[in-house]
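Visitor: Hi, I'd like a quick walk through this one. Can you put it up?
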Amino acid sequence: MTAAATPLRLAARWLPWALLAAVAAVALILGAHRASTPSLEGEVEHIAGLVRCPVCAGETAAQSQAAPSVEIRAQIRKDLKAGMNQGQVLDQLVRAYGPGILEKPRASGVSLVVWVAPVVALAGGLVVLIVVLRRWARPAERRSPPPGLRVRRRAPPAWGKRAFSALRARRRWLVVGAGAAALAGGLSWALSASVGARAAGQPITGVELGVAAVQADMQAASKDASRGDVLGAVKEYQKVLASDPTDPEALTQEGWLLAETEQPSLLRDGLALLQRAEKADPGYAPAHLYRGVALLSGGDYSAAVPELQWYLAHSPDPRLVPQVKSALAQARAKQASR
Amino acid sequence: MTEAAAGRVPRSRVVLYTAIGVGVVVAALIAVLASSRPAAQGSASDPLVGQPAPPISGPSLLGSGRVSLSQLRGRWVVVNFSASWCAPCRQETPQLKRFVAEHAASGDATVLAVSYDPADEASLASFLKSSGADWPAVIDPSADVSYGVSGIPESYLVDPAGTVVARFLGGVTASEVDKVIGKKT
Amino acid sequence: MNAAAGEAADFLAFGAALAGFVTLVVGLLRGRPNLVRTGRAYTWVLLAGAVIATAAMQHALITRDFSLSYVANNDSLGTPLLFRITAMWSNLAGSILLWGLVLAGYLAAMAVRFRRRATDPLVGWATVIGYAVAAFFFGLMLTASNPFTTVRGPVPLDGPGPDPLLQNNVLVAFHPPFLYLGLVGFTVPFAFACASLITGRVGEGWLVEIRRWTLLPWGFLTFGVVLGAWWSYKVLGWGGYWAWDPVENAAFLPWLTGTAFLHSVMVQERRGMLRVWNLSLLVSTFSLTILTTFLTRSGVLDSVHSFNNTGIGPPLLAFFGVVVATSVGLLAWRGDLLRSPGSIASPLSREAAFLANNFLFGAFALIVLLGTVFPLLVQAVNGQQITVGAPYFDTMTMPIVVCILFLMAVAPVLPWRRATQGLVRSRLFWPAAVAVATLVAALIAGVRGLNPLLAFGLGAFAAASAVRQLLVELRRRGPAGFTGPAGGGMIVHLGVVAIAVAFAASHSFAQQTQLTLAEGQTGSFAGHTFTYLGTRDVATSTHTALEAVVRVDGSGTLTPAISDYPQESAGIGTPSVRSSFAEDVYLTLASTPPRPGGPVVIGVIVEPLVEWIWAGGGMMLAGTLLCVWPRRRRRRHEVEPSPAVSEPATVPA
């Protein structure tokens, strides 16, 4: 190893490596460029892979089978056929959907940061690494002390009293530290609680949307409903649901309004909402009643019976009992006649 | 601890400063996280508002011949993306009817329905017919991409000059649209 | 009954954590060994509370006690036993309970392991930190995320059952528990890190002692992450297993910093260097666990797997603040004490290679973290909505993965302190030759594209060098050569290589199409034939499904399905996969026949080497277990690092 490195020896030593490197380099150069130009479909697939599916979470337009994704792929195909390049195709989509449609943020404006920051951090880290290594390497021989000298700066605090007393001397620091930690926690809690105004179901709760506001929406909705303005009422209920998607009352009312229209598809939606209301609060009686009646009018007698029975068994409104009973009898009769 | 180290090596500040730096960054991160809105409620961005309306044209859904947005230039147009399976779309139909009826006399505004789901064209046509919709409806599968529709019902208001002036997410009401028109004129 | 027992047990556990915390702190500060012993004993109360609470929840789920809201919302009469049991972690409140149980288990294990050193302040303070974390989580169970609230009004007769996606694959029973064993397990090393800073005992002794306590959670986390990928692959139906989704990143981030720690801690063990850095890595690992739990469970980020849930955001964020403030404060306070002796003499040494490893993993973690939170940052700055998706992560992390593979090839053969060029040349020659041969073979086999070729070549390089090290160890130590970091660690490396190669192959060479087939018709794609034989209806107690029966390559059938669950309006696609060592055929039912007997659209994905990922995950867990396998001959005090001992590994020429 220490033998004088004559050029010949050096060459002999490195020759196998040079050969390996050459073969690897040639192989990589040969293999790196893909032989065929990509097909149109390949290109469509590629570009669609850079676009988010507008209606689903976590899927690209290339993966998703949702209608808008299929449409986006068709649009990309059309644009490519019209001679646009990838940038232009994506520009077009950004114009319509906004920058959020791109899976890869553009390297411009604020989004530039997401591309540049890691590179800067990497370069910085590399510089630190090199500086540290050099500082270590230079005086290494001089600095590294014989093993015996490498004592710890502090005597190892043995177990028991000595360590305890050492700690006691630092109690002040501990108290200050604990106080600072508590303060930090409290501050972040207070901040998150005061800034985010959202209610149950829409996390980081923060301040709940005032009960008063929800009540106002509910009142407005029932007023709309009594005026016969179904759409307005539904909108108000949806406003309530936006702040609390599990509000059983709003779910029930909206579901009932939809079911009442007796259009088959709306009836189905209404029933789904009523079911959600039951799920949100299994003890909310009106949901069971309305669902029972809606099922009855939809012709699903066997499902209607238990709902109506449930209502009669739990907290029925005495004024409604006769009507519910007759509805139940009707459902049973229909069920039997099947 | 300072006493312990004193006299030997000057106290290193590198760790302290780094710690302060890290603390500041983390505090900023916490502030951002605490104030961020939940993803589900993200406000819809409206990149099209203020831009010329992308063209829409295609075979008519309700009759024969072709329908296009440019034919309606000179009037306010509510471009309404719709499908028969979408309950809120059905709910907003009476509102659209009211809107068209209000403007029937002056003839300054109309609705253009665009079929959203290619598999749903026939049932959307029959739904529109049965609910008495008397505005043009068009089949243009590329329109929802050029408008960036993220879910239906979704409507756009196009002014007489052909510029998009508003985007409505969810069911639209006649008064809502009229309010925007009133503001712009 | 279940609710009362569960809530009482929660309270017991919370109380035990608080009482233990206070008793220990007082005992440690006042120097009362008796108090310290008492404080430690609360561990058992804590464990009892956690076990009783879990038992109450399981009892409620198994016996379908719908008086509990959690059961009413996540269980149903039709749900089979297995998914009634797993329902405990199919929603947020139950997951937190699982978290608490695992944490209590780790603390109890700690108490057993260090029972002879009960009054050692280091162990005492570590237990204090453990109690603080436990108090937070059990406090959460009593307030923001209570799994034992009862339904208002009358008790429902049936519930909707768990989320459909969480009740159609048995992996649900394994993925979350392993993940939690990993994530929660990092609490112990974190506690010891804090304790060493508090007591000022920043020497290396404690690191050696808790080495296994870091390795095991790391192995569990690795396995949990791989199982999660497997679950996505088997259930979600788009043929992928990793989408850089926030929830996936959430488990991956602590894994990255944990991996960096596992490597750099070896430098500290042997050379006493990098103390601040190692402590920072431990602290980051634990803080990232909390931060990412917040990101994924509070609903600020959109995700396929997201639980949107109430009220848990602010406490988690506050806890994150406390954790970071405490640990950064401690580090700053003790910074001077942490200045390490020793230096790295040569860039061609194992120390330097570990430094490079840390640099790469740190960069990797930074990119993943930045990409995950960036949409939130942009929204805070200018209100714009942007997406940072898989293509970003792929682009940014690819160079780093290539560098890591290269480092995995070179680093294991490097000796400590200093290596000569000749040594490196002779040790690396055969691995390099294998790499080049693999590269050429891949080229001849028709592989094109820089990324896959690099991945195959460097993968072979890393694998060959790992095998070489294994052979050296085996020759030196006999069968015991498989154990310890030198043996088990190399098996872990082989697992990593398998996964990296599989990622590159399946990413670059997956083929995808849709076939529209009438009954009896045969289509072909990517060298396979697909005959559509018809559909059949399947009904179980939880759902109904329409299965398309497709014969693949003339033998054997696959049955992609669309399942209808009563609680879900849209049908849920269930893929059907035929796996082999070389490639997977992955079928989905893209659309049902428009009329009975009509044509169906079958989605076909042919993906190479996917099996290797699951195999690699298994190898990584096995390797980790071998790493912690107890060695018989060495006693603890002999492991005490001494810089005078030089690397004994001599190379057989």
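Guide: Sure. Let's start in chain A: right after helix 4 of chain A comes Gly98(A), with a positive phi near 90°. Keep in mind that this is a predicted model.

Visitor: OK, staying with helix 4 of chain A, which of its residues are buried?
Guide: Val89(A), Leu90(A), Leu93(A), Ala96(A) and Tyr97(A). Looking down the axis of helix 4 of chain A, those buried residues fall within an arc of 120°, so they line one face of the helix.

Visitor: And what's exposed on the other side of helix 4 of chain A?
Guide: There you have Gly87(A) and Gln88(A).

Visitor: What do the buried residues of helix 4 of chain A pack against?
Guide: Helix 2 (40-48) and helix 3 (67-81) of chain A, together with helix 5 (143-146) of chain B.

Visitor: Switching to chain B, then. In what order do the strands of the open sheet run?
Guide: The order is 5-4-3-6-7, five strands with mixed pairing. Strand 5 (137-138) and strand 7 (164-169) of chain B each have a single partner strand, so they are the edges, with one side lacking a neighbour in the sheet.

Visitor: How do strand 6 and strand 7 of chain B pair?
Guide: Antiparallel, over five bridges. Leu157(B), for one, sits opposite Ala166(B) of strand 7.

Visitor: Which helices lie across those strands in chain B?
Guide: Helix 3 (residues 87-104) of chain B crosses strand 3 and strand 4 of chain B, at about 150° to strand 4. Helix 6 (residues 174-184) of chain B lies across strand 3, strand 6 and strand 7 of chain B, running at about 160° to strand 7.

How values were computed. Residues are numbered from 1 along each chain as its sequence is written. Chains are lettered from A and ligands numbered from 1 in the order in which they are written. This is a predicted model: local features need pLDDT of at least 70, side-chain atom pairs count only at pLDDT 80 or more; totals for chains, interfaces and linings use all residues. Two strands pair if DSSP finds at least two bridges between them. Helices (H or I, at least four residues) and strands (E, at least two) are DSSP runs, numbered from the N terminus. Two residues are in contact if their C-beta atoms, placed from the backbone, lie within 7 Å. Axes are lines fitted to C-alpha atoms, for helices over the stretch in contact, and angles run from 0 to 180 degrees between N-to-C directions. A residue is buried if 20 or more other C-beta atoms lie within 10 Å of its own, exposed if 12 or fewer, and partly exposed in between; C-beta atoms are placed from the backbone. The arc is that of the directions from the helix axis to the C-beta atoms.
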